Amino acid sequence: FDSGAVEKRRESLASMCDERARMLQDQFNVSMNHLQALAILVNTFHHSLNPSAITQATFARYAERTAFERPLTSGVAYAVRVTHAERDHFERQQGWSIKKMYSSPNSQGPGDAAVAEIRGPADEYAPVIFAQDAYKNVISFDMLSGADDRENIIRARESGKGVLTAPFQLLNGRLGVILTYSVYKSEPPANARQQERVQAAIGYLGGIFDIEALVDKLLHQLAGKQSIMVNVYDTTNDKPISMYGSDDTGSGMYHNSTLNFGDPSRRHEMHCRFMQKP
Ligand code: WA2
């Protein structure tokens with residue numbers, strides 16, 4: 001058949017796919033910037049004031065009213081650093097005790113590895129103290145007790161940058177990725193050593209990205225949504241993890257657009273196909 005027509009079709013698929021990838025990336029970037037601003041807000045009005053000017057109620061209200069600034073997130077949460085020596089005092093002050101995630105011995109969740117790995121008293125904890133209403137069920141849970149959250153927190157405080165988990169099953173059962181910014185007692189210089197950053201860390205602000213629901217909403221806003229099929233993958237490891245879409249099989253042409261979510265240690269791709277044969 002007509003090779004000119006095939007070429008046209010290929011170009012049209014490429015441009016639609018690139019447009020969607022760029023749009024997703026922009027929305028991700030906007031959300032990420034606002035999470036960084038929220039980390040600064042918590043530092044300024046919680047850690048740097050005595051008494052703190054933030055309560056769960058005011059945090060939840062502010063987060064809800066500024067949610068439009070973080071279009072790909074379904075919520076935000078803030079976890080504070082607590083050493084083992086501070087634990088009793090902290091728990092009495094809060095009126096609740098620090099809980100482990102995925103603590104059921106029979107749970108089949110992604111956290112099982114973490115449960116086996118972290119036994120007995122830890123030397124430090126990262127309990128959530130503030131959360132947007134949709135995630136207030138995570139308040140009091142130690143974010144260092146789940147493998148994905150733990151790795152993200154450790155990378156965030158060492159790097160001083162926004163870092164991203166792979167997609168994993170959240171406590172609410174949904175698939176999500178978490179973007180974390182560390183909060184520091186005093187902002188380390190840009191060239192600070194890793195160890196200085198780790199010592200200065202006092203808390204961790206996380207944005208919860210509900211990729212499935214929010215990418216769908218985003219793509220529906222685009223014309224021609226019916227004509228192409230979109231899949232998003234975390235391709236950091238050998239085995240790609242699906243973040244959005246289903247049934248990425250079928251023959252025929254497909255286009256691969258790269259996505260940059262700002263964390264250099266993770267890779268993402270968008271794959272697009274036409275729904276119909278020409
Ligand atoms: N937030 C909500 N649900 C979750 C979750 C989480 N982490 N982990 C598993 N289910 C406070 O990076 C710091 C939020 C973690 C931030």
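Strands, such as the β10 that this tour will reach, are DSSP runs of E with at least two residues, numbered from the N terminus. The model is a predicted one, and the tour starts at its ligand before moving out to the two pockets.

**The ligand and its shell**

Select the ligand, which sits in the largest cavity, and then display the 17 residues around it, of which Met101, Met143, Asp149, Leu171 and Thr180 come nearest. Colouring this shell by class gives 14 nonpolar, two polar and one charged residues. If you colour by secondary structure instead, β1 (73-80), α5 (147-159), β9 (175-184) and β10 each turn out to supply at least two residues of the shell, and β10 provides the largest share, with three residues.

**Polar contacts of the ligand**

Next, select aspartate 149, where a polar side-chain atom lies 2.6 Å from a nitrogen atom of the ligand. Move on to leucine 171 and show its backbone, since the polar atom to look for there is a backbone one, 2.9 Å from a nitrogen atom of the ligand. At threonine 180 the contact involves the side chain again, with one of its N or O atoms 2.7 Å from an oxygen atom of the ligand. With these contacts on screen, consider the ligand's surface: taken alone the ligand exposes 400 Å², and the protein buries 100% of that.

**The largest pocket**

Leave the ligand and turn to the largest pocket, whose volume is about 680 Å³. It is lined by 26 residues, and those to select for its centre are His46, His47, Val80, Phe90 and Gln93, the closest to that point. The elements that give two or more residues to this lining are α1 (3-47), β2 (82-83), α3 (87-94), β5 (128-131) and β10 (201-209), and the largest share, four residues, comes from α3. By class, the lining of the largest pocket divides into ten nonpolar, eleven polar and five charged residues.

**The second largest pocket**

The last stop is the second largest pocket, which holds about 310 Å³ of space. Select Arg9, Gly252, Met253, Lys277 and Pro278, which are the closest to its centre of the 16 residues that line it. Highlighting α1 and β14 (268-274) shows two elements that each supply at least two residues of this lining, with α1 giving the most, three residues. A final colouring by class separates the lining of the second largest pocket into eight nonpolar, five polar and three charged residues.

Methods: Residues numbered from 1 in each chain as written. Predicted model: local features only at pLDDT ≥ 70, side-chain atom pairs only at ≥ 80, totals over all residues. Heavy atoms only, no water. 1 Å grid on protein atoms, 1.4 Å probe; cavity = no way out; pocket = protein on both sides within 12 Å on 5 of 7 lines; lining within 4 Å. Points joined across faces, edges and corners; volume = space filled by probe spheres on them. Nonpolar A, V, L, I, M, F, W, Y, C, P; charged D, E, K, R; others polar. Near = heavy atom within 4 Å. Polar contact = N/O pair within 3.5 Å; in protein donor to acceptor, adjacent residues only side chain to side chain. Areas by Shrake-Rupley, 256 points an atom, 1.4 Å probe, with all protein chains shown as cover. Sits in = over half its atoms within 2 Å of the grid points.
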